[in-house]
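Hi,

Here's the structure I promised to pass on. Have a look at it first, and then read on for what turned up when I went through it.

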Amino acid sequence: MSTEARERTQTGRMPAEERRVLAGTLVGTSIEWYDFFIYAQAAGLVLAPLFLAPLAESNPGLAQVLAFATIGISFLFRPLGAIVAGYLGDKLGRKKMLVFTLIMMGVSTSLIGFLPTYAAIGIAAPVLLILLRILQGFSAGGEWGGAALMAVEHAPNGRRGFFGAFPQIGVPVGMILATFTLWVLTSSMSPEAFMKWGWRIPFLLSIVLIIVGYVIRRAVEESPVFEELLKRRKESSTPLRELFKHNSKQVVLTAVIFIANNAAGYLLIAYFATYAVTALGMDRPSVLLATTFASFGWLIFTLFGGRISDRLGRVRTFQIGYVFLALWAIPMWFLIDTGEIGWYFVALFVMTFGLGLSYGPQAALYAEMFPARVRYSGVSIGYALGAILGGAFAPMIAEALLNATGQSWTIGLYIAIAAVVSLIGVSLVKEPKGRDLLE
């Protein structure tokens with residue numbers, strides 16, 4: 001019996017190393033996604049007038065679309081980050097890549113907080129902003145796969161869904177941190193002060209968060225599955241070549257499965273608040289606070305989705321989530337369009353049920369779909385491709401649909417179609433729950 005199993009049996013509590021793994025993946029991922037989401041929030045609220053000033057004056061609608069497009073640009077570089085981190089993660093270990101991606105994300109985010117605006121340096125301002133956004137995308141491409149595998153590969157066989165949900169809830173936690181930070185700032189200073197210098201504070205706070213995350217992640221031991229592969233000398237010398245030769249179908253399916261969740265998630269992250277403030281004229285601090293509270297639903301239902309997938313199976317849990325998301329995608333807009341903050345909260349909170357059930361089991365599902373020696377590469381690349389097809393340009397597409405039709409429910413139709421596509425994708429997967437992760 002292993003030390004971890006003996007400790008679990010004798011005390012009835014989770015072993016110390018498992019607790020460190022869950023803390024490390026949750027805290028590190030939360031910080032990474034805080035960095036990523038603070039940009040997404042700022043893109044909708046302040047970046048267009050500050051970094052695209054001439055266009056914002058002559059054509060505000062187009063400037064807003066382009067500001068949202070800068071969110072998508074970083075997604076295009078996620079596959080590159082996934083390829084590099086996946087290759088090195090399958091060769092050198094999961095832990096090294098987790099530390100590397102955390103530091104890269106923190107540096108790029110902090111530098112955005114120091115960037116001069118268009119008024120100071122002209123066209124160089126948006127160029128530098130896009131370059132730093134590309135670095136964020138590169139980092140995010142390698143982050144998720146490493147965190148997911150560290151959690152799932154440390155998990156007892158019957159609890160992989162629950163363990164895998166911890167890096168997943170790092171996303172809504174990062175969302176909550178980012179939105180709450182913006183709410184505090186917009187509530188405590190004038191709009192003029194926020195636009196002049198206050199918007200920089202959330203980016204600069206990343207410096208402190210990265211130090212905390214680095215210390216926690218350094219304390220986590222390497223994945224036991226990777227350690228066992230090293231002992232057996234089974235690791236592939238060319239994991240990418242082997243991945244695409246034998247597991248290309250799984251890569252495609254992981255991408256398709258993620259499309260709808262990522263698209264809907266990025267509307268929650270980057271679009272709903274902007275729409276409520278700019279299109280409906282709702283109070284910005286109130287909208288940010290309501291969005292923050294609604295994000296707790298995403299956290300709760302993601303953890304719930306991971307846990308029940310250990311009983312119902314990964315595929316069935318995903319299917320329930322996507323059916324619900326498809327059915328709610330259009331009706332929710334009629335609640336939002338009332339312009340009432342209470343109905344706005346209800347619309348978003350209810351949506352998070354579908355988001356959580358189609359996100360909580362993801363880490364376990366993806367890990368069980370790939371053989372160990374190409375797993376980091378497989379889950380990272382599939383995840384990154386799904387993010388491009390799903391969330392990369394979802395806010396931009398939503399804004400374009402609104403401008404073209406004048407009807408917000410068409411955005412819901414877009415999400416409903418995406419949910420059906422992802423539902424078909426996950427239904428093509430043979431239930432992998434319980435697979436030997438050393439295979």
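Let's start at Phe114, which sits in the loop between α6 and α7 (118–121). Bear in mind throughout that this is a predicted model. Is Phe114 buried or exposed? Phe114 has a relative accessible area of 56%, and because anything over 50% counts as exposed, that is how Phe114 is classed. Leaving out neighbours within four places in sequence, Phe114 is in contact with Arg200 and Leu204. Leu204 is 90 residues away from Phe114 in sequence, yet their C-alpha atoms are 7.9 Å apart in space.

Phe114 is also part of a nonpolar patch on the surface, about 900 Å² in area. The other members of that patch are Ile103, Val107, Leu111, Ile207, Val208, Ile211, Val212, Tyr214 and Val215. Two elements give two or more residues to the patch, namely α6 (94–112) and α12 (206–218). Which of them gives the most? That would be α12, with six residues. On the α6 side you'll find Ile103, which is partly exposed at a relative accessible area of 36%.

Now for the inside. Helix α20 (residues 362–369) is a nice one to click on: eight of its eight residues are buried, so the helix is largely enclosed by the rest of the structure. Going along it, the buried residues are Gln362, Ala363, Ala364, Leu365, Tyr366, Ala367, Glu368 and Met369. What covers them? The cover includes α8 (124–154), α9 (160–188), α15, α17 (314–328), α21 and α23 (409–427).

One of those α20 residues, Glu368, brings us to the charges. In general, side chains of opposite charge can pair when their charged atoms come close. Over the whole structure there are four salt bridges. Glu368 pairs with Arg314, with 3.0 Å between the closest N and O atoms. Arg314 belongs to helix α17 and Glu368 to helix α20, so this salt bridge ties together parts that are 54 residues apart in sequence. Both Arg314 and Glu368 are buried, and salt bridges with shared partners join Arg160, Asp310, Arg314 and Glu368 into one network.

Within that network, Arg314 also meets Asp310 in a salt bridge, at 2.8 Å from N to O. How accessible are these two? Arg314 comes out at 0% relative accessibility. Asp310 is at 15%, and it still counts as buried because the limit is under 20%.

There's another salt bridge to look at, between Glu153 and Arg375, where the closest N and O atoms are 3.0 Å apart. This pair links distant parts of the chain, with Glu153 in helix α8 and Arg375 in helix α21, 222 residues apart. Both ends are buried: Glu153 has a relative accessible area of 4%, and Arg375 has 0%.

While you're at helix α21 (residues 375–389), look for Ser380, which lies in it. Ser380 is buried too, with a relative accessible area of 0%. Setting aside residues up to four places away in sequence, Ser380 touches Ala82, Gly141 and Gly145.

Last up are the rings. I count 17 aromatic pairs. One of them is Phe272 with Trp333, a tilted pair with 5.3 Å between the centres and 45° between the planes. Phe272 is in helix α15 (residues 248–278) and Trp333 in helix α18 (residues 331–336), so the pair ties together parts that are 61 residues apart in sequence. Both of these residues, Phe272 and Trp333, are buried.

Elsewhere, five Phe residues form one aromatic cluster: Phe301, Phe324, Phe345, Phe349 and Phe353. There's also a charge over a ring to check out, with Arg307 lying over the face of Phe162 at 4.3 Å from the ring centre.

If you only have a few minutes, I'd open three views: the patch shared by α6 and α12, the network of Arg160, Asp310, Arg314 and Glu368, and the Phe cluster that includes Phe301 and Phe353.

Cheers

Key:
Residues numbered from 1 in each chain as written. Predicted model: local features only at pLDDT ≥ 70, side-chain atom pairs only at ≥ 80, totals over all residues. Heavy atoms only, no water. Phe/Tyr/Trp six-rings, centres within 6.5 Å; stacked < 30°, edge-to-face > 60°. Helix = DSSP H or I, 4+ residues; strand = E, 2+ residues; numbered from the N terminus. Buried < 20%, exposed > 50% of the residue type's maximum accessible area, 1.4 Å probe, protein only. Lys NZ or Arg CZ within 6 Å of the ring centre and 35° of its normal. Patch = residues over 30% accessible without salt bridge, like charges linked within 9 Å, V, L, I, M, F, W, Y side chains within 5 Å. Areas by Shrake-Rupley, 256 points an atom, 1.4 Å probe, with all protein chains shown as cover. Salt bridge = Lys/Arg side-chain N within 4 Å of Asp/Glu carboxyl O. Contact = heavy atoms within 4.5 Å.
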